[in-house]
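Q: Please take a close look at how the helices of one chain pack against each other in this model, and then set that packing in the context of the nonpolar core and of the contact between the chains.

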Amino acid sequence: MLQVSNLSVARGGISLLHDVSFSVQPGQALVLRGANGIGKTSLLRCIAGLQQPISGTISGSETVAYAAHADGLKGQLSVLENLKFWSEVYGGPDPKSALAAYDLQELAQRSAANLSAGQKRRLGLARMLVTGCGLWVMDEPTVSLDAQNVALFRIVLQAHLQSGGAAVLTTHIDLDLSGENLDLTGYIATAQRSSSTFEEALE
Amino acid sequence: MIQLFMRDIGLAVRSGGGFGLALIFFLIVVVLIPFALGPDQSALALVAPGVLWLGALLACLLSLDRIFGLDYEDGSLDLLASSPLPLESVYLAKAAAHWFTTGLPLALAAPLLGVLLNLRFDAGMALCFSLLLGTPALSLIGAFGATLTLGIKRGGLLLSLLVLPLYVPTLIFGAQAVRSASLGQPFDVPLVLILAISLGAAAILPFASGAALRINLR
């Protein structure tokens, strides 16, 4: 479903990761681990197509849904309207079931500006369901969720995997998912100004 | 693309600053001109075409940095960039929403404000037409400028400096159309030229803006 080979990643001209290779099969979740600043987010942005890798290839058969640190919610719109917008952009399923999955039905008409941090995060995660994409790429999805909602997220993610989906995510919580962990510590590039940055900027 | 256009219009209406702000700014500028130039009606009629076009142009400038700035700050631009929607369509939808919430109301209100500056009725109609054809170019060029200054702190001023020189051809032909109409001369040539600028901008700038967005989101 996703094949990453010999990938090298940089951020702001500094090489972060070197020669990373992995593959993710349907039904599997790959959890990326590593210290702060090691390049987890940059790697995920490469997979999501927001950033060009220095070298290496990313190939996949599925459209990718990306969830960043910021949830990208519009405070002036209601919870339901926020989901509806993304559902229409992706041509995905009806937002009602996504609301139910994250226990947001009662908040459906509330404007997103009046949600708590945890509720906003749940809405951001519900967005992944309405994209209808097979591969979820998630950057720290469990931040600002309490234990109960982490369990909820785990149930949704497990259901997604069981229906043939896959996920690549970074998290510090052990979610006990089917799949594997990838510790990025072994792939740290020597911290130096990347010579490819100039070529990268020209592209 | 239509969804994004509708969402941006909805956001502009609900946050208040969209429809109203540019229009009120335009009104104030036009009302201030007689105070500055004095009550001489023939002098006002002489400067009216230029002043009205300049006022509309500056009013358009006000909300340019919000076109992409808000989405960039709350992270939804990243999410849009990773969605199946091409960035060129994102640019077109956002520029169209900007025109609908600023350019279109300005064009419709301008003939009424022209009365304040002693503009003849037929010249008022020429003003309306020239703004209808010219404000799309203002929105398209402005949104292109907004993609270039994305992520720069206090990029609003830089955006104005970048965009204003690019507005010059539209301003020249726009004001010329109104001036010709107020003298009772034909004004179809400047109108066609304004339309050409708008169509040219719509054809070329989506690609330039898509590339600028891709570099700035990296």
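**Helix packing in chain B**

A: In this predicted model, the contact between α9(B) and α10(B) brings B:Pro169, B:Thr170, B:Phe173, B:Gly174, B:Gln176, B:Ala177 and B:Ser180 of α9(B) up against B:Pro190, B:Leu191, B:Leu193, B:Ile194 and B:Ile197 of α10(B). Sorted by class, the residues of this contact are eight nonpolar and four polar, with no charged residues. Helix α9 of chain B spans residues 168-182 and helix α10 of chain B spans residues 188-217, and the two pack at an angle of about 155 degrees with their axes 8 Å apart. Because angles over 145 degrees count as roughly antiparallel, α9(B) and α10(B) are described as roughly antiparallel to each other. The crossing of this pair is left-handed.

A second packed pair in chain B joins helix α4, residues 64-73, to α7(B), at an angle of about 45 degrees and with the axes 8 Å apart. That angle makes α4(B) oblique to α7(B), and the crossing of α4(B) and α7(B) is right-handed. On the α4(B) side the contact is made by B:Leu64, B:Asp65, B:Ile67 and B:Phe68, while α7(B) contributes B:Gly142, B:Ala143, B:Gly145, B:Ala146 and B:Thr147. The residues of the contact of α4(B) with α7(B) comprise five nonpolar, three polar and one charged.

The nonpolar core offers a wider setting for these helices. The largest nonpolar core holds 127 residues, and those that touch the most other members are A:Ala126, A:Val137, A:Val168, B:Leu52, B:Ala56, B:Ile141 and B:Val178. Helix α7 of chain B, residues 121-148, provides the largest share of this core, with 14 residues. On the chain A side, A:Val137 is in contact with A:Leu44, A:Ile47, A:Ala48, A:Val64, A:Tyr66 and A:Val168, leaving aside its neighbours within four places in sequence.

There remains the contact between the chains, to which chain A gives 19 residues and chain B gives 17 residues. On the side of chain A that touches chain B, β5 (64-67) and α2 (79-90) of chain A each supply at least two residues, and the largest share, four residues, comes from α2(A). By class, the residues on that side of chain A are 10 nonpolar, six polar and three charged.

Methods
Residues numbered from 1 in each chain as written. Chains lettered and ligands numbered in written order. Predicted model: local features only at pLDDT ≥ 70, side-chain atom pairs only at ≥ 80, totals over all residues. Contact = placed C-beta atoms within 7 Å. Nonpolar A, V, L, I, M, F, W, Y, C, P; charged D, E, K, R; others polar. Core = buried A, V, L, I, M, F, W, Y, C linked by C-beta atoms within 7 Å. Buried ≥ 20, exposed ≤ 12 C-beta atoms within 10 Å, placed from the backbone. Axes fitted to C-alpha atoms, helices over the stretch in contact; angles between N-to-C directions. Parallel < 35°, antiparallel > 145°, perpendicular 65-115°, else oblique. Left-handed = near helix turned anticlockwise from the far one by under 90°.
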